[in-house]
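Me: Hey, got a minute to walk through this one with me? I'll throw short questions at you and jump around a bit.

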Amino acid sequence: MCGIVAYIGHQQAYPIVLKGLKRLEYRGYDSAGVALLDTDLNIYKKAGKVSNLENFAEDKNLNSTVGIGHTRWATHGAPNDVNAHPHKSGNDRLAIIHNGIIENYDALKKELIKRGHIFESDTDTEVLIHLIEEIIAKDNVSLEEAVRYSLNEVIGAYAIVIIDKENPNKLIAARNSSPLVIGIGKEEFFVASDATPIIEFTKNVIYLDDEQVAIIERGQEIKIVDIANKQITPMIQELEMNLEAIEKGGYEHFMLKEIYEQPQSIRASMLGRLNSVTGEVTLGGVEEFEAKFMNADRIIFVACGTSWHSALVGEYMIEDLARIPVEVEYASEFRYRNPILSEKDIVIAISQSGETADTLAALELAKEKGATIYGICNVVGSSIARATDAGSYTHAGPEIGVASTKAFTAQITILALMALTLAQKKGSITKTRYQELTNQLNDIPRLVGKVLESNEQIKYIAEQYKDAANFLYLGRGYNFPVALEGALKLKEISYIHAEGYPAAEMKHGPIALIDENMPVVAIATRIANYQKVVSNIQEVKARNGNIIGIVTEGDEAIRAISEHVIEIPATDEFLDPLISVIPLQLLSYHIAVMRDCNVDQPRNLAKSVTVE
Ligand code: F6R
């Protein structure tokens with residue numbers, strides 16, 4: 001939620017900050033703004049996308065070698081020009097950009113109003129910059145001291161950068177529970193919510209930790225202290241990502257590129273973990289915690305959205321193969337419902353971004369209660385990855401489209417590897433079955449490539465149903481979470497109402513919705529309950545629903561009763577979700593494009609949900 005970028009050095013700041021904002025637009029696109037320092041502090045901000053800001057600022061004074069910028073996902077206050085960041089202090093000396101929420105802003109605001117502060121916006125952020133201004137004036141302290149003092153008074157999450165008219169060679173940055181990366185160039189510094197605005201300038205970065213403040217001065221070494229003023233030695237790390245990975249590479253949308261990247265991203269998730277010659281699986285994090293996993297009473301997955309759907313697949317996989325009880329929890333519910341946890345529980349957070357506030361909080365709660373915590377994240381160095389005792393990166397590469405695609409299949413790949421590792425260690429799988437599954441897993445990237453060849457057919461089907469008002473997705477067993485995921489993909493990018501259901505559950509209510517206007521996507525591959533799914537589809541047919549079947553190659557029974565079938569290659573049902581989800585991703589993509597929706601940046605959403 002919200003992207004922040006800042007620059008200080010010898011180059012013009014505005015083009016760097018603007019480009020950075022475009023890269024971070026996936027984090028929110030309700031408004032955008034910059035603050036630049038020439039002789040004056042110049043702030044330009046506009047509601048809407050970064051391109052609105054770009055048009056607005058075109059003829060303004062953009063001269064400055066220091067600047068801060070923000071792209072907003074609105075929490076406090078409507079998405080208009082006034083509430084756009086940067087916000088400035090009452091005396092026009094300071095400006096701030098902020099990602100996060102100041103929870104006690106109301107109490108602080110009332111206090112500041114009593115002291116004569118006048119606020120322009122409805123945001124929590126403006127309160128923070130006025131508080132800093134107040135502390136500078138009242139205590140006669142430096143900017144960095146005032147920032148530290150103010151952060152001691154603040155409750156909530158923040159990644160902030162402050163620019164000061166009286167200190168044109170300085171930026172102050174700080175973080176708590178919202179991500180912040182500092183790039184160290186040659187006599188220049190970059191600050192951003194993630195590394196994508198930084199990567200083309202330097203690979204050397206510092207990930208700021210919670211309650212740390214960075215004092216970034218032109219021509220000086222960076223200084224980091226905590227909010228109690230304890231000196232911290234900066235740890236410089238090297239970025240592994242490359243520039244091509246964050247560009248569209250000829251595709252019309254990031255989402256399409258990411259769908260097509262799945263043969264490679266699934267392969268990358270397996271790399272070094274599945275030996276394609278011997279079929280042996282080694283999943284580092286699990287090896288490290290072998291004793292804990294072997295003695296675990298339960299595994300509890302915490303996640304949100306698409307990652308929660310992966311967790312459901314993980315539940316089926318681990319219970320099926322490794323016979324360890326698994327629970328799947330919405331992180332947002334888990335954190336507030338006083339769950340029973342013990343030292344014999346392993347809590348696994350699944351998160352593409354590694355920054356989802358609810359997932360992080362659920363994990364912290366589990367840690368407090370003594371459980372072992374594990375992370376399955378995509379973004380290297382993210383907050384969840386750093387908070388966990390052990391974990392596995394999915395290595396899917398940057399996912400920029402707001403709707404998650406390759407992250408989902410990468411998470412499931414890791415979960416398959418985890419289930420196989422645990423099953424082998426527990427002795428709950430035969431050698432033959434293990435070999436069979438590892439061989440098939442190794443072949444999944446090729447099979448995904450084959451499914452992608454159906455793109456034109458899927459586009460044709462999308463054309464037939466693009467104007468539908470509702471969609472129903474049905475699946476059983478391993479394909480039930482895929483039905484949920486298919487429905488989520490469609491609603492979030494095309495704004496068509498869609499629901500996912502276990503196929504057999506349909507008769508307990510949703511069947512009432514079925515008529516000749518209802519498209520029903522039935523994920524009906526040749527799994528154990530295939531015949532039962534066929535019967536469920538018959539029930540739809542009998543009520544004139546329009547059936548789009550996702551079936552195993554060569555299927556005749558479902559073809560005979562469906563309006564359309566999309567064939568996918570046969571695989572063990574344990575691995576089915578990795579390929580059965582692909583046509584659903586493409587279907588929602590094409591429908592959204594045909595409905596003229598903003599596929600990569602759907603309304604009201606953001607890629608990284610760092611607020612509750
Ligand atoms: C859906 C989607 C969201 C995320 C959810 C969790 O396409 O992207 O539902 O899956 O916000 O995000 P992460 O995985 O980053 O924790």
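Me: How much space lies in the largest cavity?
Reply: About 70 Å³. Keep in mind that this is a predicted model.

Me: And how many cavities of 30 Å³ or more does the structure hold?
Reply: One.

Me: Which residues line the largest cavity?
Reply: The lining is made of C2, R72, W73, T75, H76, H85, H98, G100, T123, D124 and T125. In terms of elements, β6 and α4 are the ones that give two or more residues to that lining.

Me: OK, where does α4 lie?
Reply: Helix α4 covers residues 124–139 and lies across β5, β6 (94–102) and β7 (156–164). Against β6, α4 runs at about 130°.

Me: Those strands belong to a sheet, I guess. What's the strand order?
Reply: It's an open sheet of seven strands, β5-β6-β7-β8-β12-β13-β14, with antiparallel pairing. At the edges you find β5 (87–88) and β14 (231–232); each has a single partner strand, so one side of each has no neighbour in the sheet.

Me: Let's stay with β8. Is it mostly covered or mostly open?
Reply: Mostly covered: β8 spans residues 170–176, and seven of its seven residues are buried. That goes for both faces, with K170, I172, A174 and N176 on one side and L171, A173 and R175 on the other.

Me: Which strands does β8 pair with, and over how many bridges?
Reply: With β7 there are five bridges, in the antiparallel sense. With β12 there are six, and those two strands run antiparallel as well. For concrete pairs, V161 has A173 of β8 as its bridge partner, while I172 stands opposite I215 in β12.

Me: How many residues are in the hairpin link from β7 to β8?
Reply: Five residues join β7 to β8 there.

Me: And further along, what does β12 do with β13?
Reply: β12 (residues 212–217) pairs with β13 (residues 223–226) in the antiparallel sense, over four bridges. A214 stands opposite I224 of β13.

Me: Switching topics. What about the sheet with β18 in it, parallel or antiparallel?
Reply: Parallel. Five strands make an open sheet there, ordered β17-β16-β18-β19-β20. The edge strands are β17 (326–330) and β20 (390–393), each pairing on one side only. From one strand to the next, the twist averages 20°.

Me: How many bridges between β18 and β19?
Reply: Six, between residues 345–351 for β18 and residues 372–377 for β19. One bridge pair to look at is I348 with Y374 in β19.

Me: Which helix packs on that sheet?
Reply: α12, residues 357–368, packs on the sheet and touches β16 (298–303), β18 and β19. The direction of α12 makes about 165° with that of β18.

Me: On to helices, then. What does α14 look like for length?
Reply: α14 runs over residues 406–426, so 21 residues at 1.5 Å each should span 30 Å, and the end C-alpha atoms are indeed 30 Å apart.

Me: Why would you call α14 largely enclosed?
Reply: Because 18 of the 21 residues in α14 are buried, the rest of the structure largely encloses that helix. Just after α14 comes G427, which takes a positive phi of about 70°.

Me: Now α1, what's its reach against the expected value?
Reply: α1 has twelve residues, 13–24, and reaches 16 Å from first C-alpha to last, close to the 16 Å expected. Nine of the twelve are buried, so α1 is largely enclosed too.

Me: Which residues of α1 are buried, and what covers them?
Reply: The buried ones are A13, Y14, I16, V17, L18, G20, L21, R23 and L24. The cover includes β1 (3–8), β2 (31–37), α2 (50–57), β4 (66–72) and β10 (189–192).

Me: Last one: P602. Where does it lie, and is it buried or exposed?
Reply: P602 lies in the segment after α20 (576–594). With a relative accessible area of 0%, P602 is under the 20% cut-off and so is buried.

Me: What is P602 in contact with?
Reply: Not counting neighbours within four places in sequence, P602 contacts Y29, V402, E492, I493 and Y495. P602 and Y495 are 107 residues apart in sequence, with 8.7 Å from C-alpha to C-alpha.

Methods: Residues are numbered from 1 along each chain as its sequence is written. This is a predicted model: local features need pLDDT of at least 70, side-chain atom pairs count only at pLDDT 80 or more; totals for chains, interfaces and linings use all residues. Side-chain values use heavy atoms; hydrogens and water are left out. Two strands pair if DSSP finds at least two bridges between them. Axes are lines fitted to C-alpha atoms, for helices over the stretch in contact, and angles run from 0 to 180 degrees between N-to-C directions. Contact means heavy atoms within 4.5 Å. The expected span of a helix is 1.5 Å times one less than its number of residues. Buried means under 20% relative accessible area, exposed over 50%, partly exposed in between (1.4 Å probe, protein chains only). On a 1 Å grid over the protein atoms alone, a cavity is a set of points where a 1.4 Å probe fits but cannot get out, and a pocket is an open set with protein on both sides within 12 Å along at least five of seven lines; lining residues have an atom within 4 Å of a point. Grid points are joined across faces, edges and corners, and a volume is the space filled by probe spheres set on the points.
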